[in-house]
Amino acid sequence: MMLTIAHLYPKLLNCCDNGNIITLQRRCEWRNIDVQIDEINIGDKIEKHDMYFISGGQDLQQIDAFNEIQRYKDFLTKEKGRGAVFLGICGGYQLLGNYYQIFDGEKLEGIGLLDAYTIASNKRFTGNVTIKTEYITPNELVGFENHGGLTYLSGDTMPLGYAVVGNGNNGEDKTEGARHKNVFGTYMQGPFLPKNPHFTDYLIELVIGEKLPPIQDDTEWNAHNDLIYKQY
């Protein structure tokens, strides 16, 4: 079995998120699933993959990434329809939505895989996050937020979960992240997947269409459990 992952624009959008790619790779390989990771940078052609991962960056880098990915909006929309899995973190999450309005700047058009939009604000949400979900067990996800964008969901797009610690998407409605079919976004940046082994496995299971066998991962679960409901 081979799982293919497209890592989109890592030279532009690289806010300490490489641990997420490594985690996907390791948790597959520990179960004898081969993984092929292709880095797709500006000017490279995006071709069919099982999973697409995109991280965040500063506004100037995000502008380049937003403009570049428009070339592949139709293709990636078809990939969503085919059942490919997408994970966007921070700026990558914003890119998967309809648009991102820069503070005192231009509106960046997203690719609309999530029915969501983001408006930059003059305040910043920073700190630990714990959210409750309705579709995985255990139902908590943990992470760290550091964002100035306010994101709002609409239509059939649901939150990744609801914040019990932290601010979430906008500090108003307690939603955090977004999901629609096999497309997921979150503001929990940095090592999000290393802190959430069950969510990592959930993404892999969506690709392969079957339940993964258990592995020895006490260390990963200890890290996850230490962060649940942690305020600071």
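Here are some friendly notes on the sheet, a few buried residues and the salt bridges of this predicted model.

1. Let's begin with the open sheet. Six strands make it up, in the order β2-β1-β3-β4-β12-β11, and the pairing is mixed. The edges belong to β2 (34–40) and β11; each has a single partner strand, so one side of each is left without a neighbour in the sheet. From one strand to the next, the twist averages 15°.

2. At the β2 edge, the partner is strand β1 (residues 2–8), and the two pair in the parallel sense over seven bridges. If you want a place to look, I5 stands opposite I37 in β2.

3. Next, strand β12 (residues 183–186). On one side it presents V183 and G185, on the other F184 and T186; all are buried, and both faces of the strand are covered. As background, side chains in a regular strand alternate between the two faces of the sheet.

4. What are the pairings of β12? Strand β4 (residues 85–89) pairs with β12 in the parallel sense over four bridges, while strand β11 (residues 178–180) runs antiparallel to β12 and is joined to it by three bridges. G185 is a handy residue to click on: G88 has G185 as its bridge partner in β12, and A178 has G185 as its bridge partner too. β11 and β12 form a hairpin with two residues between them, and K181 in the turn has a positive phi of about 55°.

5. E176, in strand β10 (residues 175–176), deserves a look. This residue is buried yet has no salt bridge, and R179, the nearest side chain of opposite charge, is 10 Å away. What does E176 touch, beyond residues up to four places away in sequence? Its contacts include V129, I131, P159, L160, Y187 and M188.

6. Two residues of strand β8 (residues 140–153) come next. T151 sits in this strand and counts as buried because its relative accessible area is 2%. Its side chain makes a polar contact with the side chain of T118 at 2.7 Å. Leaving out residues up to four places away in sequence, T151 also touches Y93, N169 and Y187, among others.

7. V142 is found in β8 as well, and is buried with a relative accessible area of 0%. Among its contacts outside four places in sequence are V129, M188, F192, H224, L227 and I228. V142 and Q231 are 89 residues apart in sequence, and their C-alpha atoms are 11 Å apart in space.

8. How many salt bridges does a search of the whole structure find? The count is eight. One of them joins the side chains of R26 and E29 (3.6 Å, N to O). Both residues lie in helix α1 (residues 18–29), three residues apart, or about one turn of the helix. R26 is partly exposed at 36% relative accessible area, and E29 is partly exposed at 35%.

9. R27 forms a salt bridge with D217, with the closest N and O atoms 2.8 Å apart. R27 lies in helix α1 and D217 in the loop between α5 (197–208) and α6 (218–227), so the pair ties together parts that are 190 residues apart in sequence. Both R27 and D217 are buried.

10. A last pair is E140 and K132, whose salt bridge has its closest N and O atoms 3.2 Å apart. Here E140 is buried, with a relative accessible area of 13%, whereas K132 is partly exposed, at 29%. Elsewhere, salt bridges that share partners join R27, R31, D201 and D217 into one network.

How values were computed. Residues numbered from 1 in each chain as written. Predicted model: local features only at pLDDT ≥ 70, side-chain atom pairs only at ≥ 80, totals over all residues. Heavy atoms only, no water. Buried < 20%, exposed > 50% of the residue type's maximum accessible area, 1.4 Å probe, protein only. Lys, Arg positive; Asp, Glu negative; His and termini not counted. Salt bridge = Lys/Arg side-chain N within 4 Å of Asp/Glu carboxyl O. Contact = heavy atoms within 4.5 Å. Polar contact = N/O pair within 3.5 Å; in protein donor to acceptor, adjacent residues only side chain to side chain. Pairing = 2+ DSSP bridges. Axes fitted to C-alpha atoms, helices over the stretch in contact; angles between N-to-C directions.
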